Structures are given as C-alpha cells and as structure tokens.
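Here are some notes for a colleague who is opening this structure for the first time. They are set out as numbered points, each of which can be followed in the viewer.

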Amino acid sequence: MSLVFAAIMSHGPGMTARADRADPAVRDPFFATLARLRNALESSRPDAIIVIAAEHFANFFMNNMPAYCIGMAEDYEGPIEDPDWLQIPRRTIPGAPDLSRRIVGKVMDRVDVAYAEEWKFDHGVMVPLSFLTPRFDLPVIPVNINCQGPPLTPLHRAYEFGIAMGEACESVPERVAIVGTGGISHWPATPNSGKINEAWDREFLRRWLRNDRVALTAYSDEETLRDAGQGGFEIRTLISVAGACQGRTGEVWFCEPIPIFATSGFAAVMDVGGDGADAAA
Amino acid sequence: MSLYALQKLLYELNRNPAVQEAFASDREAVIANYRLTGEEVDAIRSDDIGKLYILGVNGQILMHFAAWRGLAWDEYIQAMKDALAKHGRVRGGLYAAVDDGKGGAV
C-alpha cells in the first residue's frame with residue numbers, strides 16, 4: 001500500500017549529546033515538535049520505518065562505496081559512537097529482513113542499489129529514532145545515500161531513487177513509514193560547527209514542501225558547498241523523500257537555527273493522506 | 001593515497017572494537033598495517049587531533065575518533081582551531097574551515 005507517513009528531520013548528534021547546552025527558547029519548541037512528529041508516526045500505525053540517512057563512515061568506506069544502499073538485516077546495532085558521548089545507550093534494533101528484501105527487489109526495477117545484511121547505526125539513524133521511536137521497537141529499514149565520499153550521486157538521481165522507494169512501498173501490503181534525515185546547511189565537524197545559513201534552509205524547505213522536483217534538484221554541488229557547507233550535501237536524503245511522495249505536497253512544522261546542534265532544528269511532513277495526516281492536522 | 005590509508009585506519013578504529021583493543025595494547029603494530037607518511041604516523045602516535053584535521057581527515061571520521069580518544073566537544077573544536085593557527089589551512093578533503101575557522105557555536 002502507499003506510504004502511511006513521510007517526514008524529514010535533522011539528525012545532528014548535538015541533539016542528544018549537547019541538548020543541555022541549547023537555548024531552551026528554541027530547543028524546547030523543537031523537541032515538542034518532534035514529539036508531535038512521533039505522535040503522527042504512531043497514529044499512522046506503521047509496520048516498519050524506513051530511515052533514509054546520510055551515514056558518516058559507520059559501514060561504508062571509499063574501498064567500496066555504494067551510492068545507495070538498503071539494509072536487509074534481521075537486526076542492527078547502534079550507536080557506533082561512544083554511547084556516553086552521544087548520550088544514547090548502545091542497543092540492538094529490530095530489522096524487517098523479509099520486507100527489506102521485497103523492497104530492494106522492487107527498487108531494482110528502476111535504480112541499481114546495493115544491499116547490506118550487516119549494518120551499524122550511527123547518529124544519522126540513532127538520533128532520529130531516539131525521538132520518533134524511543135523504545136526502539138519499531139522494525140527499521142535503513143537506507144544510506146553517500147553524501148560523504150565524492151563523487152556523490154547527482155540530486156536528480158536522489159529524487160529518482162525516492163520515486164523507486166515510493167513505488168516499492170506501494171507494492172507491498174505492509175504499512176510503511178519513511179523518514180529522511182540530515183542537512184540542511186551546516187559545516188559540521190569543522191571549527192565553524194554552528195555556522196548555519198538560515199535563509200538557505202528556509203528556501204530549501206519551501207522547495208521541499210512544494211515538492212518542486214526541478215527546484216529541489218537545481219543546486220550544483222559547488223553552490224551547496226559554498227552556501228550550505230559540506231553538510232549541505234545531505235539534502236540528498238531529504239530530496240529522496242520528496243521523490244517517494246511525488247505529486248504530494250508538504251508542510252514545515254519547525255525550522256530554527258540551533259548552533260550547538262550544528263544545524264537548524266527542523267521537521268517537515270508530506271501529506272500522504274490517511275491516519276497519520278489526520279493526526280498531523 | 002596516503003590520506004586514504006590514514007582515514008581507513010581511523011575508520012577501522014571507529015567501528016571495530018577488536019582494532020580498538022589492538023591499538024590500545026600495541027599502537028605501533030596497528031599503525032604498521034597502513035601505508036602512512038611519517039607526518040601521519042606522528043599525528044596518530046601523539047593523538048594529535050588538530051594535526052589530523054589539517055592533514056585532511058574527513059570531519060565525520062575525525063569527530064568520532066576524537067570522541068573515542070576522550071576529547072570533550074569543546075576540546076575537539078579547540079584542537080582544530082589551534083591547529084589552524086599553528087599549521088595553516090587544511091591540506092585535503094572536504095572539511096576545510098571557512099572564515100579562517102572563526103565563528104561557530106564554540
């Protein structure tokens with residue numbers, strides 16, 4: 001059936017690792033928005049959640065870097081980071097291997113993808129799950145788009161990959177939720193961490209909520225690096241969710257710079273119809 | 001090629017507890033498995049996070065590595081700022097500082 005829930009949100013490790021250092025005037029409404037997102041997700045009664053994230057060398061390296069990879073494991077371990085540093089205890093998270101296998105097979109009709117039966121989660125998956133499924137009990141299908149080791153997949157391919165993911169979810173009987181995490185503008189893991197281009201973020205989200213395929217995929221990597229930092233390359237994950245919801249439009253629930261989190265805290269949903277959308281209204 | 005090897009070593013250290021244990025018990029033996037320059041070996045030997053940043057290690061790899069080596073967030077950011085002042089600009093990779101490394105949240 002068609003997707004029951006589709007959203008995007010930030011995944012900076014500071015959201016858990018340095019939550020106590022964020023300005024409460026911005027942090028508290030952001031976290032309240034994420035609680036609302038969790039409610040909407042739960043109301044959509046998903047059987048599994050696909051998390052499209054840009055991982056950070058937890059599993060893939062330049063010896064054999066897939067542009068796109070879908071997890072197919074029985075379970076996953078995370079976080080790979082020092083749990084005391086990330087402030088998320090290490091645990092095992094259930095996968096959905098049979099569903100993954102069917103989705104991978106269907107996606108291959110359109111897009112060549114890698115798959116992986118071993119996968120360790122880093123903050124790109126663990127931080128969003130810690131807010132959306134804090135009991136870590138909903139089966140997860142992780143998806144990675146390489147946003148770290150150039151050459152990177154072009155943005156128009158990320159949108160196309162999203163279309164393939166959306167079609168694959170339509171082809172299965174399970175109720176599937178999808179969440180894209182990463183971005184938007186940031187200069188993470190540099191001395192400039194905390195630099196944020198607020199205007200660029202808002203313009204990107206305007207393109208996203210319109211699901212404007214041409215505008216979303218119009219950024220060159222040179223422009224993104226200049227205006228949105230190396231962290232801006234992660235817009236590929238957000239663009240793929242738009243692709244999965246082609247023809248639908250969305251709503252931005254929150255977007256404010258939170259420098260100690262290294263990015264804007266943001267959350268946005270696509271209107272996919274059904275119970276989740278009702279809860280979101 | 002060498003930056004690749006340096007990042008490969010840190011990638012393995014970040015994700016593989018067996019490599020972490022080997023590194024803790026005999027750092028030189030682990031280092032010897034990778035084709036590194038003398039400068040890179042020195043930086044690894046001395047846990048010089050700032051120098052590793054200047055050498056071009058991907059920030060996401062270095063951030064995890066710095067956390068594993070016990071640096072608090074502010075210490076990690078400061079190590080990169082200090083290294084910029086001492087060694088000059090980042091020599092490779094995607095994570096070069098902008099604005100001369102000024103600004104940011106810390």
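1. Helices and strands, in the sense used throughout this note, are DSSP runs numbered from the N terminus, a helix having at least four residues and a strand at least two. With that in mind, A:Ala262 can be placed in the loop between strand S9 (250-258) and strand S10 (263-270) of chain A. The model is a predicted one, and in it A:Ala262 has a phi near 75°, a positive value in a residue other than glycine. Most residues other than glycine have a negative phi, and most peptide bonds are trans. A:Ala262 is also buried, because 27 other C-beta atoms lie within 10 Å, and the cut-off for calling a residue buried is 20 or more.

2. A second residue to check in the same way is B:Asp99, which is not a glycine and yet has a positive phi of about 55°. B:Asp99 belongs to the segment after H7 of chain B, and with 11 other C-beta atoms within 10 Å it is exposed. B:Gly70, which comes just after H6(B), likewise takes a positive phi, here of about 95°.

3. Two peptide bonds of chain A deserve a look, since both are cis. One joins A:Gly78 and A:Pro79, with omega at about 0°, and A:Pro79 sits in the loop between strand S4 (75-78) and H3 of chain A. The other joins A:Gly183 and A:Ile184, with omega at about -5°, and A:Ile184 is part of the loop between strand S8 (176-181) and helix H7 (198-209) of chain A.

4. The loop between S8 and H7 of chain A also holds A:Asn192, and one may ask which residues A:Asn192 touches, once those up to four places away in sequence are not counted. They are A:Trp187 in its own chain and, from chain B, B:Ala97, B:Val98, B:Asp99, B:Gly101, B:Gly103 and B:Gly104. A:Asn192 is buried, with 26 other C-beta atoms within 10 Å, and its C-alpha atom is 9.8 Å from that of A:Gly229, a residue 37 places away in sequence.

5. Taken as a whole, the meeting of the two chains brings 29 residues of chain B into contact with 24 residues of chain A. On the chain B side, helix H1 (2-15), helix H6 (59-68) and helix H7 (73-87) each supply at least two residues, and the largest share, eight residues, comes from H6(B). By class, this side of chain B is made up of 17 nonpolar, eight polar and four charged residues.

6. Is H6(B) largely enclosed or largely open? Nine of its 10 residues are buried, so H6(B) is largely enclosed by the rest of the structure. Among those buried residues are B:Ile61, B:Leu62, B:Met63 and B:Phe65, and also B:Gln60 and B:His64. The buried residues of H6(B) pack against helix H3 (83-86) of chain A, and within chain B against H1, helix H5 (49-54) and H7.

7. H1(B) can be checked for length, since its 14 residues should span 20 Å at 1.5 Å a residue, and its end C-alpha atoms are indeed 20 Å apart. The buried residues of H1(B) are B:Leu6, B:Gln7, B:Leu9, B:Leu10, B:Tyr11, B:Leu13 and B:Asn14, and they pack against helix H2 (17-25), helix H4 (38-45) and H6 of chain B.

8. Within chain A, helix H6 (residues 155-170) and helix H10 (residues 235-244) pack at an angle of about 45°, their axes being 6 Å apart. The two helices are therefore oblique to each other, and their crossing is right-handed. Residues of H6(A) in this contact include A:Tyr159, A:Phe161 and A:Ile163, while those of H10(A) include A:Arg236, A:Ile239 and A:Val241. The contact has 10 nonpolar, four polar and two charged residues.

9. A last position to visit is A:Val111, in the loop between helix H4 (97-107) and strand S6 (114-116) of chain A. Leaving aside neighbours within four places in sequence, A:Val111 is in contact with A:Tyr68, A:Glu160, A:Phe161 and A:Ala164. The C-alpha atoms of A:Val111 and A:Ala164 are separated by 6.9 Å, although the two residues are 53 apart along the chain. With 17 other C-beta atoms within 10 Å, A:Val111 is partly exposed.

Conventions: Residues are numbered from 1 along each chain as its sequence is written. Chains are lettered from A and ligands numbered from 1 in the order in which they are written. This is a predicted model: local features need pLDDT of at least 70, side-chain atom pairs count only at pLDDT 80 or more; totals for chains, interfaces and linings use all residues. Axes are lines fitted to C-alpha atoms, for helices over the stretch in contact, and angles run from 0 to 180 degrees between N-to-C directions. Angles under 35 degrees count as roughly parallel, over 145 as roughly antiparallel, 65 to 115 as roughly perpendicular and the rest as oblique. A crossing is left-handed if the near helix is turned anticlockwise from the far one by less than a right angle, and right-handed if clockwise. Two residues are in contact if their C-beta atoms, placed from the backbone, lie within 7 Å. Ala, Val, Leu, Ile, Met, Phe, Trp, Tyr, Cys and Pro count as nonpolar, Asp, Glu, Lys and Arg as charged, and the others, Gly among them, as polar. The expected span of a helix is 1.5 Å times one less than its number of residues. A residue is buried if 20 or more other C-beta atoms lie within 10 Å of its own, exposed if 12 or fewer, and partly exposed in between; C-beta atoms are placed from the backbone.
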